[in-house]
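Trainee: I keep meeting terms such as buried and salt bridge. Could we go through them on a real example?

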Amino acid sequence: MSSRDEILASVRKNLPRVDRPLPDVPLFDDGPPASLLSAFKDSLQQMGGVFLDPPASGDMLTPVRAKIADAKIVCSTAPEIAGNRDVAGVRKPQDLADVDFAIVRASFAVAQTGSVLLSDADLHVNAVAYLAQHLIVLLDPADIVVNLHHAYGRPEFRDRRYASFHTGPSATADIEGVLIHGAQGVRSLSVLPIARAAGNPTH
Amino acid sequence: MPKLHIASIGIEKIIPRLEHLAVFVRLLSRSALGSPVTQYTSHFRGPRSGGEMHIVLVDNGRSEQLGLEEFWTSLKCIRCGACMNTCPVYRRSGGLSYGATYSGPIGLIIDPTFNQRKYSNLPFASTLNGSCTNVCPVKINIHEQIYAWRRVLVERHETPLAKRAAMKAAGELLSRPAAYRAAIVAADVALAHLPRFVIYNGLNAWGRHREVPHPPKQTFHSWYHANRGGKQ
């Protein structure tokens, strides 16, 4: 008998005799916020993230360009803006250790928690979202779901190998209860609301 | 970042459906940190291109635990740490003092399922105040299981001889109020007058790293009798 069969047999033998059918979990979406974008903005800021207000007219990427103006190494996987480190040329993830700014587009975002979903299709090399000093995320306001229950209905969880919710910058309060940003990952996370360019639909 | 990713996971972590994950992700961070979600929540369906991913599902006594009527619900634990953060014992002693993988209130009821003899002392390190049970997001009756483990361990003689002898003597004494009061007075007098080497020696584990508290001049019972005697 394989160890798998042994475990399954033991589970069957010891299963508590309780009659509990699989529950129907509701989507908890009664009374959604009037604006998903402003609800997302509030949640993001609560978790230490930065919301970049888009300019009323002109170049929508102005806030991003201002942020990266003095950066040495910028790695962008978003077609809207170019960096100076091509992610396609990265041979091993460790080579991204010196990146100052990474710019990526989120698959979608969650208003309830202020999270952005970054998948392997968005990042190309997963490590870019962790090794960069700062992360700038482009988000189409049409790609915001109301809460995590809706989020897990999205196709990304069925067709991407890797997908991760990022909520604000890296943070830990494990030691002495003091909140530290950027100890294990990016020191800042900024989100700019900007529609996907025509011809760049959802992956 | 290495190409090889091995995830070792207890079988109790498996949930029925992907859509149920939202419930657990929300519960976890809310109960651990009071935040709506953790900074990073990663989902792996397969290895990254050119890499390898292996998932090892570990039983290690968990399926047998499922058959323990009084204790199987401890398998519901999602490791949020809420019981530890609220526990008066854990908050003062810290995780290392438990000497086991799982510390805090949940450790008291999980650790003996792995090794009853080695962790026989843990269920006794509790005041049974029930704060852990109150905060547990998955409703494990932690303090009741701590109490149940004491009974099981004593019945199976997994407790040390000295503890059994002491508990037996304490039981005899506590069932006779007059004898108990006389013993307290005698102990207070003895503590005040005995030389240090009698109190601080290998037989008294409580005096090994700390000073024994100063004995009071009179017992609460005699103070009450003197100050409130006759008045109910």
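Mentor: We will take the terms in turn and set each value against its cut-off. This is a predicted model, where local features need pLDDT of at least 70, side-chain atom pairs count only at pLDDT 80 or more, and totals for chains, interfaces and linings use all residues. Residues are numbered from 1 along each chain as its sequence is written, chains are lettered from A and ligands numbered from 1 in the order in which they are written, and side-chain values use heavy atoms, with hydrogens and water left out.

Trainee: How many disulfides does the search of the whole structure find?

Mentor: It finds 0 over all chains. A disulfide is a pair of cysteine sulfur atoms within 2.5 Å.

Trainee: How do you know that Cys80(B) is in no disulfide?

Mentor: The nearest cysteine sulfur belongs to Cys83(B) and is 6.5 Å away. The cut-off is 2.5 Å, so Cys80(B) does not qualify. Cys83(B) is in no disulfide either: for Cys83(B), the nearest cysteine sulfur is that of Cys132(B), 6.5 Å away.

Trainee: Why is Cys80(B) called buried?

Mentor: Buried means under 20% relative accessible area, exposed means over 50%, and partly exposed lies in between (1.4 Å probe, protein chains only). Cys80(B) has 14%, so it is buried. Cys83(B) has 9%, so Cys83(B) is buried too.

Trainee: What makes Arg65(A) and Asp59(A) a salt bridge?

Mentor: A salt bridge is a side-chain nitrogen of Lys or Arg within 4 Å of a carboxyl oxygen of Asp or Glu. Here the closest N and O atoms are 2.6 Å apart, so the pair counts. The structure holds 15 salt bridges over all chains.

Trainee: Why is Arg65(A) called partly exposed?

Mentor: Its relative accessible area is 38%, between the two cut-offs, so the term fits. Asp59(A), at 35%, is also partly exposed.

Trainee: What makes Glu70(B) and Arg151(B) a salt bridge?

Mentor: Their closest N and O atoms are 3.0 Å apart, so they pass the test. The pair links distant parts of chain B, 81 residues apart. Glu70(B) sits in the loop between helix H2 (62-65) and helix H3 (82-86), and Arg151(B) in helix H7 (residues 142-155). Helices here are DSSP runs (H or I, at least four residues), numbered from the N terminus.

Trainee: Are Glu70(B) and Arg151(B) buried or partly exposed?

Mentor: Partly exposed: Glu70(B) has 39%, and Arg151(B) has 38%.

Trainee: Which residues are linked in a network of salt bridges?

Mentor: Glu12(B), Lys13(B), Arg62(B) and Arg79(B).

Key: Helix = DSSP H or I, 4+ residues; strand = E, 2+ residues; numbered from the N terminus.
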